[in-house]
Amino acid sequence: MRERRYVVRRILKPSAELIWFSRLDPQEKRLVRDAIDRRECAQAPYSHYHVGAAVIGRGTVFVGCNVERASYSQTTHAEQGAIDSLVATYGPTPIDAIAVAGAPAGCPWRLDEMEREPSSSPDWDEAVSGAAFPCGQCRQIIWENANGNRDLPVLCAVQRTGWVIRTTIGTLFPYPFGPDDLGLKIFR
Ligand SMILES: [Zn+2]
C-alpha cells in the first residue's frame, strides 16, 4: 500500500513557561493583577468557580468576569466579557495580550506576596493543575481577536501562588479556524 503523506499546514512552535509574578513586565503584571481582582465580581452562584480576565487593545485594558445564568448555556465567560467590552468601546479591535485567573470562590491570591521573590521553586505539574486555562470556546474567541498572531501572550495565574504560566494562543489552539479561513480580514 502506498504511503500517504500529509502536509502540515502550519509549523507548530509550542511555548509555555512558568514565571513568578514580580518578574513579569509592567504591562503583564497589570493584566494579571486586573484578572485576579476581577474574580471578585464574578456572578457564579451555580459553579462557585470565579474567573477574571483582562485584555489589552489599543493600549487600554478591559476586564471581564464569568456571569452565570440559571439556563447555564447563557453564561458569559470572563475572557469573552473582557474582549466584548473592548469591542463595545472601540469597535472590532485586535488584542495584544490576555490574562486569566480562575479558581473556586474564596481562593486567596496575595498580591503583596507576589511582588516579592518566590519562596519555593517552580513545580510545573502543580502549576498546571492550579491554573485555569481558557476553555475551548474562549480559545476560539481569543483567536478571533488575535489578528492572526499565533504568538499572542496568554497569561494564566496559578491559584494561591505568584506563579504565572505564560503561553501563547498558538500553543493553546494549534490548528485554529478563523476569519482567514473565510478569506476575511476583520481589522483594518
Ligand atoms: Zn471560556
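# Report on a predicted single-chain model

Arg58 is exposed, because only 12 other C-beta atoms lie within 10 Å of its own. In this report a residue is exposed at 12 or fewer other C-beta atoms within 10 Å, buried at 20 or more, and partly exposed in between, the C-beta atoms being placed from the backbone. The model is predicted: local features need pLDDT of at least 70 and side-chain atom pairs count only at pLDDT 80 or more, whereas totals for chains, interfaces and linings use all residues. Residues are numbered from 1 along each chain as its sequence is written.

Overall, the chain has 6 helices and 6 strands. These elements are DSSP runs numbered from the N terminus, helices being H or I of at least four residues and strands E of at least two. Their order from the N terminus is β-α-β-β-α-β-α-α-α-β-β-α. The radius of gyration is 17 Å, close to the 16 Å of the globule rule for 188 residues, so the chain is as compact as a globular protein of that length. That radius is taken over C-alpha atoms, and the rule is 2.2 Å times the number of residues to the power 0.38. Along the principal axes, the C-alpha atoms fill a box of roughly 55 × 40 × 35 Å. Of the 188 residues, 37% are buried.

The 6 strands of the sheet are ordered 1-6-5-4-2-3, and the sheet is open with mixed pairing. Strand 1 (16-20) and strand 3 (60-65) are at the edges with a single partner strand each, so one side of each has no neighbour in the sheet. From one strand to the next, the twist averages 20°. Two strands count as paired if DSSP finds at least two bridges between them. Strand 5 (residues 153-157) and strand 6 (residues 163-168) run antiparallel and are joined by 5 bridges; in this pair, Val154 stands opposite Thr167 of strand 6.

Strand 2 and strand 3 are antiparallel over 6 bridges, with Gly57 bridged to Thr60 in strand 3. The two strands form a hairpin with 2 residues between them. Arg58 is in the loop of this hairpin, between strand 2 and strand 3, and its phi is near 50°, a positive value in a residue other than glycine. Most residues other than glycine have a negative phi. Asn147, which is not a glycine, also has a positive phi, about 55°; this residue lies in the loop between helix 5 (136-144) and strand 5.

| Residue | C-beta neighbours within 10 Å | Class |
|---|---|---|
| Arg58 | 12 atoms | exposed |
| Asn147 | 19 atoms | partly exposed |
| Leu155 | 24 atoms | buried |

Leu155 belongs to strand 5. Beyond its neighbours within four places in sequence, Leu155 is in contact with Glu28, Leu31, Val32, Ala97, Ala99, Val164 and Arg166, a contact being two C-beta atoms, placed from the backbone, within 7 Å.

Helix 1 contains 13 residues, which should span 18 Å at 1.5 Å a residue, and its end C-alpha atoms are 18 Å apart, in agreement. The expected span is 1.5 Å times one less than the number of residues. Leu31, Val32, Arg33, Asp34, Ala35, Ile36 and Arg38 are buried in helix 1. The buried residues of this helix pack against strand 2, strand 3, strand 4, helix 3 (111-114), strand 5 and strand 6.

Notes:
Axes fitted to C-alpha atoms, helices over the stretch in contact; angles between N-to-C directions.
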